[in-house]
Amino acid sequence: MFSTLDTERFANRNPSDEHHGFLFDSVQGEGKYKRVTNGTYGRSGAPAADKYLKTGATFSSDCFDDDVRAAEAALKYIAAFHRYTETTVYRGKISIKVNIPQVWMQSGGVLVGQKMLREPFIENFQKFNSNSGAADVTATVAQALSHFSYHASDGRELLCDLQGGKIGDSYVLSDVVMMSMEKKFGNTDLGSTGIENWLSAHRCNQFCCSGWKNWSGARQHFQPVFSTTTTLEAATAPAIGPECVRVRPSAIMFTHDSIKDGFQDGHSLLQTALQIAREEVGKRDIPMIAVVRVGDGRLFALDNRRLAVFRLLEMCGRVGTIKVEIVLVWTRWADEWKRKVTTRNGGISVLIRGGRYRIGRNEQETNYPHTWLQQIRKERDLKMMPDDHFSIFLGTFTDE
Ligand SMILES: [Zn+2]
């Protein structure tokens with residue numbers, strides 16, 4: 001299907017004679033896990049867009065290479081979509097291109113040596129759809145292009161997260177996402193689940209062809225979000241299963257600003273930490289703590305009191321990492337998620353209600369009584385519990 005296509009005329013690349021440029025601080029927008037700023041090309045002075053990793057992102061800048069690959073992979077679908085529209089009444093009326101970014105390196109300033117993405121600047125940026133299936137239904141051509149990519153790849157891939165603006169007579173897309181059955185395009189490629197989810201939300205329009213491949217009975221797996229790109233990949237934490245990662249409790253943030261000092265069974269946080277240190281509660285078959293990974297990569301706990309207990313155990317040397325389940329903003333979690341995020345310090349620490357004590361990422365950020373921490377440290381003999389024990393305990397204590 002793609003072999004005879006001239007894809008290059010659909011690429012909007014950096015000028016080939018531009019190899020350096022200037023950066024500005026003005027933030028133009030935010031995408032995925034990136035910050036977008038304005039820049040100019042060194043020779044022509046023409047405007048450019050630069051993208052950096054946000055501070056605190058847990059992805060490595062290798063994800064820039066994924067972005068370049070996704071943009072290059074999008075070209076053939078855009079070219080084939082044009083060839084299709086030439087056979088319809090819309091012949092000659094549609095012109096879409098895609099920005100192909102390059103990975104550049106900063107040669108000066110405080111971020112010298114850091115990678116960035118550079119691509120031509122686009123004005124009047126608009127978002128047409130997202131990788132989680134949200135869509136601006138008035139942007140009919142964009143929705144059809146995404147559906148077409150699924151058809152043209154014989155159900156292997158989906159081009160989405162379509163956004164961009166007009167340059168001359170063309171719509172130029174930027175920061176597109178490719179999703180694939182093999183999940184080969186990095187953090188924002190949500191795999192077959194993401195493809196099914198996207199198609200479950202898609203409604204065909206006049207630019208779609210009834211003969212295109214579709215996913216009949218496609219199910220919705222997570223909440224379509226329009227403003228952000230949903231990321232799934234556990235980039236820095238070692239993946240255990242498709243949705244589980246093993247991380248230090250201090251790398252998980254609180255969603256609440258304050259918590260009660262106790263669980264429904266009447267035990268306080270300290271008593272619970274001691275129970276775990278004594279391994280009194282390790283044996284029950286209990287589900288894992290659930291976390292949400294937000295757009296910039298940070299993990300947030302849906303179980304604040306359990307996280308507080310884990311943090312105490314970690315700072316006392318009783319636990320290294322815990323296994324947690326990453327939940328997307330699934331339909332069943334969406335309301336709970338919104339209700340829960342009350343933290344005012346990014347989830348770094350949490351106040352125990354009653355006012356006096358705060359639990360942070362380490363002992364310095366924590367003002368829990370020293371003697372209590374000593375108790376946790378000394379409970380039974382001073383051994384680190386096997387990581388596996390921590391995947392199961394405390395699930396029966398609810399967080400409300
Ligand atoms: Zn369609």
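In this predicted model, strand E4 (residues 47-53) and strand E7 (residues 115-120) run antiparallel and are joined by 4 bridges. Across this pairing, lysine 51 of E4 stands opposite leucine 117 in E7. Of the 7 residues of E4, 5 are buried, so the strand is largely enclosed by the rest of the structure. The chain as a whole contains 7 helices and 21 strands.

**Chain overview**

- The chain has 400 residues, of which 54% count as buried.
- Taking contacts between residues at least 6 apart in sequence, 69% join residues at least 24 apart.

**The sheet E16-E20-E21**

- Three strands, in the order E16-E20-E21, form an open sheet with mixed pairing.
- The edges are held by strand E16 (258-259) and strand E21 (358-359); each has a single partner strand, so one side of each is left without a neighbour in the sheet.
- E16 pairs with strand E20 (residues 350-352) in the parallel sense, over 2 bridges.
- Within this sheet, serine 258 stands opposite leucine 351 in E20.
- Strands of a sheet pair through backbone hydrogen bonds, in either the parallel or the antiparallel sense.

**Zinc site**

- Four residues coordinate the zinc ion: His147 through ND1, His202 through NE2, Cys204 through SG and Cys208 through SG, at 2.0 to 2.4 Å.
- The arrangement is tetrahedral because the 4 donor atoms subtend angles of 101 to 120° around the zinc ion.
- For four tetrahedral donors the ideal angle at a metal is 109.5 degrees.
- Along the chain, the donors of the zinc ion follow the spacing H-x54-H-x1-C-x3-C.
- Histidine 202 and cysteine 208 are both buried.

**Other cysteines**

- The structure holds 0 disulfides.
- Cysteine 160 has a relative accessible area of 0% and is therefore buried.
- Cysteine 316 is also buried, with a relative accessible area of 3%, which is under the 20% cut-off.

**Helix H7**

- In helix H7 (residues 370-378), the buried residues are Leu373, Ile376 and Arg377.
- These buried residues cover an arc of only 100° around the axis, so they lie on the same side of H7.
- An α-helix has 3.6 residues a turn, so residues three or four places apart point the same way.
- The buried residues of H7 pack against two helices, H4 (269-277) and H5 (304-315).
- Thr371 and Lys378 are exposed and sit on the face of H7 turned away from its buried side.

**Loop residues with positive phi**

- Most residues other than glycine have a negative phi.
- Aspartate 175 has a phi near 60°, a positive value in a residue other than glycine.
- This aspartate 175 lies in the loop between strand E11 (170-173) and strand E12 (177-180).
- Its relative accessibility is 14%, so aspartate 175 counts as buried.
- Lysine 183 likewise has a positive phi, near 55°, and is a residue other than glycine.
- The loop that holds lysine 183 runs between E12 and helix H3 (191-201).
- With a relative accessible area of 34%, lysine 183 is partly exposed.

Methods: Residues are numbered from 1 along each chain as its sequence is written. This is a predicted model: local features need pLDDT of at least 70, side-chain atom pairs count only at pLDDT 80 or more; totals for chains, interfaces and linings use all residues. Side-chain values use heavy atoms; hydrogens and water are left out. Donors are N, O and S atoms within 2.8 Å of the metal (3.2 Å for Na, K and Ca); water is not among the atoms, so sites may look incomplete. Four donors count as tetrahedral if all angles lie between 85 and 135 degrees; four count as square planar and six as octahedral if opposite donors are over 155 degrees apart and all others between 65 and 115; anything else is irregular. Buried means under 20% relative accessible area, exposed over 50%, partly exposed in between (1.4 Å probe, protein chains only). A disulfide is a pair of cysteine sulfur atoms within 2.5 Å. Two strands pair if DSSP finds at least two bridges between them. The arc is that of the directions from the helix axis to the C-beta atoms. Contact means heavy atoms within 4.5 Å.
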